[in-house]
Amino acid sequence: AADEEVAADEEGTAVVAGGLSVSRSYAKPSASGAKSEGFASLTRPYFTIVVVGNALIVSAVNMALTNPQLQNAQGLELMTVGTREGVFQKKEDDDKSFVFHLPLSASVIAVNGFTIPEAEFKAIIAKINFDAIAKSLSE
């Protein structure tokens with residue numbers, strides 16, 4: 001459930017086509033409840049937040065994400081979180097893997113869910129403070 005304890009691990013940054021990408025993965029602790037350090041002690045990633053900013057590709061991705069014709073063709077579902085609107089999509093051939101994209105002006109935030117029920121993933125998305133993330137990006 002969304003209220004269960006979640007551990008965070010695997011932070012990363014990378015330069016992407018002149019921009020910056022920052023990611024963080026969150027996973028439930030192992031079934032044994034062991035709280036050892038490192039991602040190896042955790043189950044498969046529960047969800048990952050990726051922020052890509054100031055990269056040349058961001059404007060093209062954001063244009064595609066906000067185009068109603070492409071949304072319909074790709075099976076994207078509009079989803080409002082707080083004051084912002086993003087797109088939700090089930091990953092092909094997998095009923096427990098999803099992605100939510102929130103296009104901003106010069107950045108895009110992606111939340112990827114793995115081995116998680118759809119309702120639980122949407123509940124997690126609803127709890128993320130996207131306004132705070134956007135503010136930290138000067139968006």
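What share of the 139 residues in the chain is buried? In this predicted model, buried residues make up 35% of the chain. The exposed surface of the chain comes to about 7,900 Å². Carbon and sulfur atoms supply 54% of that area.

The secondary structure consists of 4 helices and 7 strands. Their order along the sequence is β-β-β-α-α-β-β-β-β-α-α. The pattern thus opens with three strands and closes with two helices. Contacts were also examined by separation in sequence. Among contacts with a separation of 6 or more, 48% link residues 24 or more positions apart.

Two residues illustrate the buried part of the chain. The first example is S25, in strand β2, which covers residues 19-27. S25 has a relative accessible area of 6%. This value is under 20%, so S25 counts as buried. The side chain of S25 also has a polar partner. A polar contact of 3.2 Å joins it to the side chain of T48.

The second example is V81. This residue lies in strand β4, which spans residues 77-81. The relative accessible area of V81 is 8%. Because the cut-off for burial is 20%, V81 is buried as well. Which residues does V81 touch, leaving aside those up to four places away in sequence? They are F100, I125, A126, I128 and F130. A C-alpha distance adds to this picture. V81 and K127 are 46 residues apart along the chain, yet 8.5 Å separates their C-alpha atoms.

The largest pocket was then considered. It holds about 290 Å³ of space. A total of 15 residues line this pocket. Closest to its centre are V22, V51, I133, S136 and L137. Where does the lining come from? Strand β2, strand β3 (47-53) and helix α4 (130-136) each supply at least two residues. Strand β2 gives the largest share, with 5 residues. The strand that holds S25 therefore also contributes most to the lining of the largest pocket.

The lining was also sorted by class. It has 8 nonpolar residues, 5 polar residues and 2 charged residues. Valine, isoleucine and leucine count as nonpolar. Serine falls in the polar class. Among the residues closest to the centre of the pocket, V22, V51, I133 and L137 are therefore nonpolar, whereas S136 is polar.

Notes: Residues are numbered from 1 along each chain as its sequence is written. This is a predicted model: local features need pLDDT of at least 70, side-chain atom pairs count only at pLDDT 80 or more; totals for chains, interfaces and linings use all residues. Side-chain values use heavy atoms; hydrogens and water are left out. Buried means under 20% relative accessible area, exposed over 50%, partly exposed in between (1.4 Å probe, protein chains only). Contact means heavy atoms within 4.5 Å. Accessible areas come from the Shrake-Rupley method with a 1.4 Å probe; for residues, only the protein chains shown count as cover. A polar contact is a pair of N or O atoms within 3.5 Å; within protein, one must be able to donate a hydrogen and the other to accept it, and residues adjacent in sequence count only if both atoms are side-chain atoms. On a 1 Å grid over the protein atoms alone, a cavity is a set of points where a 1.4 Å probe fits but cannot get out, and a pocket is an open set with protein on both sides within 12 Å along at least five of seven lines; lining residues have an atom within 4 Å of a point. Grid points are joined across faces, edges and corners, and a volume is the space filled by probe spheres set on the points.
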